[in-house]
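User: I have a model open and want to check the words used to describe it. Can you take me through the reasoning, term by term?

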Amino acid sequence: MFAPIISALRLSPIQVMAEKTRQAIQQGHSVIDMTLGEPDFPTPAHIGEAAIQAIHAGQTRYTPINGTSALREAIVAKFRRDNGIDCSPAGISVGCGGKQVIYQAFLATLAAGDEVIMPAPYWASYHDIVAMNGGVFRPIMTTPETGYALRAADLDAAITARTRWLVLNSPSNPSGTAYGRAQLAEFAEVIRRHANQRFFILVDDIYEHILYDGRAFHTLAQVAPDLADRILTVNGVSKAYAMTGWRVGYACGPRPLIEAMTKVQMQINSHTSSVSQAAAVAALNGPQDEVRRRCAVFQRRRDFLLGAFARIDGLQTPKPEGAFYLFPDARAYLGRATPAGQRLADDVALAAYLLDNGVAVVPGSGFGMPGFLRLSYATSDDNLRIAAERMAHALNNLG
């Protein structure tokens, strides 16, 4: 009755835990929700006002598939201003969030058996979007000891004749790993050495503006402009501007790829909301001081949790360089028993135990690393303090 791919698709581990959290709260339990990657700040007022003005001006009709000319010009200006990337409006794709842009890129390029390589841990949806489009997902394993950073030698070893895409997400969801200019230059040199394998590189920069400790942001097309005809640079307004519900993602890439992605979008949803596009123009062209202020808040929250988790024996938490997640190694707790006598066989059971103790997190197995946990600290300082106390109590009570 259903397509074979449906039985193979996994439920998103993030959405599964988010739904369990909603149910627990509805049943009257006190739970600190650290599942979803959604800023807890409101959309800045000037962005909302731009949307209201767009409605009053009648900007509520169909737009070009790849977005309004105003939005594409704003994206071109953003890439030039922030990243030193030259692109034209014809080289821009706009979709309903970065996820749609990524889906269209894979649908437009993958054939059965084509491989997509990416460092693990990785955003859970990558795995399933690849599978939905007939590809084979090949994770490149990293370790907490190296801050989950991909090494150039491991990238070199992972590239084969079947490689169709390399995916780089920096700062990373879920690890917060961010690659500097020198690391990206090393990756670029590896790519050049594999000139016979003409694979694409998808660079997911959605957390670009959430970067800590004074780090400067760099992206591959900026560091290696000679590879620009193979790079799709993906970004969006969701994370930096607290616009998750507005659903605007975008990408800059080689025109043949953008044209192929446009053919796909033509048959899916035509375009994203005209009103959301007007809001995105205001976000990209408007003042950026609020983005910087919020980044400082996220860094303070990160530092608080790192300090609190350092006092929990057995929980090893690398220091993220960006985004708003921690990805602690919790393997020391697997196999131990809860006060009720239940043996925690895996990270799914550990996440369920923490939920019972009032903290909702996501099992690391959904991100390609069983035995780890992902926690979003995009919530209030008071919630983080309570969550840290509850986690310490729950983990210290394991037998």
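Analyst: What follows takes the sheets, then the helix pairs, then single residues. Keep in mind that this is a predicted model.

User: Start with the sheet of seven strands. What is its order?

Analyst: The order is β2-β8-β7-β6-β5-β3-β4. The sheet is open, and its pairing is mixed.

User: What makes β2 and β4 edge strands?

Analyst: β2 (92-95) and β4 (136-141) each have a single partner strand, so one side of each lacks a neighbour in the sheet. From one strand to the next, the twist averages 20°.

User: How do you know that β7 and β8 pair?

Analyst: Pairing takes at least two bridges. Strand β7 (residues 231-236) and strand β8 (residues 249-252) are joined by four bridges, so they pair. They run antiparallel. Asn235 faces Tyr250 in β8.

User: What about β5, with β3 and with β6? How many bridges are there?

Analyst: Three bridges link β3 and β5 in the parallel sense. Ile117 has Leu166 in β5 as its bridge partner. Between β5 and β6 there are five bridges, also parallel. There, Asn169 is partnered by Asp204 in β6.

User: Why is β5 called largely enclosed?

Analyst: Buried means under 20% relative accessible area. Six of the seven residues of β5 are buried, so the rest of the structure largely encloses this strand.

User: Now the sheet of three strands. Which strands are at its edges?

Analyst: This open sheet runs β9-β12-β11, with antiparallel pairing. Its edge strands are β9 (325-326) and β11 (362-363), because each pairs on one side only. β9 is joined to strand β12 (residues 373-376) by two bridges, antiparallel. Two bridges are enough, because the requirement is at least two. Tyr325 sits opposite Ser376 in β12.

User: On to helices. Why are α3 and α11 called oblique?

Analyst: Helix α3 (residues 45-56) and helix α11 (residues 274-285) pack at about 140°, with axes 8 Å apart. Roughly perpendicular covers 65 to 115 degrees, and roughly antiparallel needs over 145. The angle fits neither class, so α3 is oblique to α11. The crossing is right-handed.

User: Which residues make that contact?

Analyst: From α3 come His46, Ile47, Ala50, Ala51, Ala54 and Ile55. They meet Val275, Ala278, Ala279, Ala282 and Ala283 in α11. By class, the contact of α3 with α11 counts ten nonpolar, one polar and no charged residues.

User: What makes α5 and α10 roughly perpendicular?

Analyst: The axes of helix α5 (residues 98-109) and α10 cross at roughly 105° and come within 9 Å. The range for roughly perpendicular is 65 to 115 degrees. The crossing angle falls inside that range, so the term applies to α5 and α10. On the α5 side the contact includes Gln100, Val101 and Gln104. On the α10 side it includes Leu257, Ala260 and Met261. The residues of this contact divide into eight nonpolar, four polar and no charged.

User: Where does α10 lie with respect to the strands?

Analyst: Helix α10 (residues 255-266) lies across β2, β5 (163-169), β6 (200-204), β7 and β8. It runs at about 25° to β2.

User: Single residues next. Why is Thr233 called buried?

Analyst: Its relative accessible area is 2%, and the cut-off is under 20%, so Thr233 is buried. Thr233 is in strand β7. Beyond its sequence neighbours within four places, its contacts include Phe79, Val203, Asp205 and Tyr250.

User: And Met118: buried or exposed?

Analyst: Buried, because its relative accessibility is 2%, against a limit of under 20%. Met118 is in strand β3 (residues 115-120). Leaving out residues up to four places away in sequence, Met118 touches Trp123, Tyr126, Phe137 and Val167, among others. Met118 and Met141 are 23 residues apart in sequence and 8.6 Å apart in space, C-alpha to C-alpha.

User: His194 has a relative accessible area of 14%. Why is it classed as it is?

Analyst: The value is under 20%, so His194 counts as buried. His194 is in the loop between α8 (181-193) and β6. Apart from neighbours within four places in sequence, His194 contacts Asp156, Ile159 and Phe199.

Technical notes
Residues are numbered from 1 along each chain as its sequence is written. This is a predicted model: local features need pLDDT of at least 70, side-chain atom pairs count only at pLDDT 80 or more; totals for chains, interfaces and linings use all residues. Side-chain values use heavy atoms; hydrogens and water are left out. Axes are lines fitted to C-alpha atoms, for helices over the stretch in contact, and angles run from 0 to 180 degrees between N-to-C directions. Contact means heavy atoms within 4.5 Å. Angles under 35 degrees count as roughly parallel, over 145 as roughly antiparallel, 65 to 115 as roughly perpendicular and the rest as oblique. A crossing is left-handed if the near helix is turned anticlockwise from the far one by less than a right angle, and right-handed if clockwise. Ala, Val, Leu, Ile, Met, Phe, Trp, Tyr, Cys and Pro count as nonpolar, Asp, Glu, Lys and Arg as charged, and the others, Gly among them, as polar. Buried means under 20% relative accessible area, exposed over 50%, partly exposed in between (1.4 Å probe, protein chains only).
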